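Here is a friendly walk through the empty space and the ligand site of one protein. Have the structure open as you read.

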Amino acid sequence: MTTNFAEYFLLKKGLTFLNHGSFGSCPKPVFQTYQNWQLRLEEQPVAFLDQHRDLIDNLSKPRQALGELFKTSPQNLVRVTNATTGLNAIARSIPLADGDEILTTDHEYAAVENTWEFLVRKAGAKIVRAQVTLPLVSKEQFFDDLVSHMNERTKILLLSHITSPTALHFPIKQVIDEARKRGIITVIDGAHAPGLIKLDLDALGADFYVGNCHKWLLAPKGAGFLWAHPSWQQKLEPLVISHGWGVKERKKDRTSFLDSFEIQGTQDPSAWLTVPAAIEFRKTHNWDQVSRACNLLAQETAQRISKITGLAPLSSPEFCAPQMIAMPMPKTDYRALKDYLLNECNIEMPVFDWQGRTIVRLSVAAYNSQSDMDHLVKSVAEYFA
Ligand SMILES: Cc1ncc(COP(=O)(O)O)c(C=O)c1O
């Protein structure tokens with residue numbers, strides 16, 4: 001990487017921050033735009049938040065920017081504070097009955113599993129977790145892993161696009177197509193995907209897609225979106241019923257989907273309003289190239305660590321998320337390894353137990369350097385020496 005991108009970020013000096021995947025840092029110019037929005041709000045709170053003045057127009061601009069970027073109509077997506085909120089709205093809008101099954105994988109995000117677990121318990125439905133064959137090396141195998149669990153009780157297919165514990169890029173398109181043929185509702189948890197992989201939301205063909213802008217797209221925290229297929233938009237229930245619900249005279253181009261999700265009581269929408277600035281920052285700095293360099297660094301580092309541990313990666317490179325790799329470690333107390341990396345090496349990264357394996361998940365962002373990687377490799381080598 002030629003530009004020193006570390007200068008663009010506010011991260012504490014001296015900390016080796018390798019966890020953009022959980023909570024990313026947003027670049028200074030984007031953060032400045034965010035603070036400018038907040039300042040405008042405080043200068044004229046009523047003018048800013050009155051839905052009959054500029055608010056609706058302002059809120060529409062990020063939808064337009066995301067629609068363009070992710071190849072869909074801006075009418076098909078609404079802002080949500082985060083992926084969790086979007087997934088909760090979806091989960092609560094689909095009535096579940098006794099015996100219904102929600103088909104998912106054994107790589108899903110724990111908080112999202114909680115959302116569905118909470119609802120299936122009430123309804124007498126159940127979650128079926130398909131075990132994804134590891135290492136993930138074939139689309140066909142992934143397809144079979146899931147489709148072999150589909151039956152007449154399967155009501156919903158819930159899939160991460162990029163998995164949290166294993167940082168895998170699931171090949172979801174064919175499985176979505178198969179679910180659609182069988183009348184199964186598809187819900188895609190794309191929390192990590194925006195800004196990390198190319199997204200073509202219409203072509204993907206899901207019923208619902210939820211993404212975060214505050215991870216790899218570089219927006220401030222609290223900016224996500226919920227995309228819904230047009231056939232679902234009228235049936236989707238917002239979690240909060242407020243002024244935007246049941247509007248009698250709707251303005252041109254407004255729908256109940258947009259109104260009821262965009263207006264949900266007093267909120268600071270500054271993070272959402274900053275999304276176009278984040279997209280612009282990425283364009284200005286040729287972010288595709290930056291991402292490729294980060295990805296290369298992540299892959300090289302994982303190979304170096306794999307030589308130390310003697311353990312193979314969880315997938316072939318094509319199914320590995322760009323810029324993020326989950327690396328299996330030799331059996332150890334994961335808490336001790338986490339403490340060692342954080343307290344003795346000043347390295348912030350997730351270390352956890354996943355299905356009896358100790359996993360260290362590496363994120364490589366624009367602000368990371370070769371020396372960050374060398375520091376990690378040396379630290380891991382010393383720990384297992
Ligand atoms: C796969 C996945 N889904 C959902 C989420 C939740 O995102 P948020 O906390 O922004 O709602 C995360 C967070 O990292 C995630 O990795």
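The largest cavity holds about 70 Å³ of space, in a model that is predicted. How many cavities of 30 Å³ or more does the count give? The answer is one.

Who lines this enclosed space? Among the residues around the largest cavity are Phe9, His20, Trp216, Leu218, Trp287 and Tyr367, and the list also includes Gly195, Arg282, Ser291 and Gln323. Ala365 and Ala366 belong to the lining too. Sorted by class, the lining has seven nonpolar residues, four polar ones and one charged residue. Both domains take part: domain 1 (5-27 + 287-384) and domain 2 (32-281) each supply at least three residues to the lining of the largest cavity.

Now turn to the ligand, which sits in the second largest pocket. There are 14 residues around the ligand, and Thr84, Asp189, His192, Asn212 and Lys215 come nearest. The shell around the ligand is made up of seven polar, five nonpolar and two charged residues.

Some polar contacts with the ligand are set out below.

| Residue | Protein atom | Ligand atom | Distance |
|---|---|---|---|
| Ala83 | backbone N or O | oxygen | 3.3 Å |
| Thr84 | polar side-chain atom | oxygen | 2.5 Å |
| Asp189 | polar side-chain atom | nitrogen | 2.6 Å |

How much of the ligand does the protein bury? Taken alone, the ligand exposes 400 Å², and the protein buries 91% of that area.

Back in the table, Thr84 and Asp189 each reach the ligand through a polar side-chain atom, whereas the contact of Ala83 comes from a backbone N or O atom.

How values were computed. Residues are numbered from 1 along each chain as its sequence is written. This is a predicted model: local features need pLDDT of at least 70, side-chain atom pairs count only at pLDDT 80 or more; totals for chains, interfaces and linings use all residues. Side-chain values use heavy atoms; hydrogens and water are left out. A residue is near a molecule or strand if one of its heavy atoms lies within 4 Å of it. A polar contact is a pair of N or O atoms within 3.5 Å; within protein, one must be able to donate a hydrogen and the other to accept it, and residues adjacent in sequence count only if both atoms are side-chain atoms. Accessible areas come from the Shrake-Rupley method with a 1.4 Å probe; for residues, only the protein chains shown count as cover. On a 1 Å grid over the protein atoms alone, a cavity is a set of points where a 1.4 Å probe fits but cannot get out, and a pocket is an open set with protein on both sides within 12 Å along at least five of seven lines; lining residues have an atom within 4 Å of a point. A molecule sits in a cavity or pocket if more than half of its atoms lie within 2 Å of its grid points. Ala, Val, Leu, Ile, Met, Phe, Trp, Tyr, Cys and Pro count as nonpolar, Asp, Glu, Lys and Arg as charged, and the others, Gly among them, as polar. Grid points are joined across faces, edges and corners, and a volume is the space filled by probe spheres set on the points. Domain bounds come from an automatic or database domain assignment.
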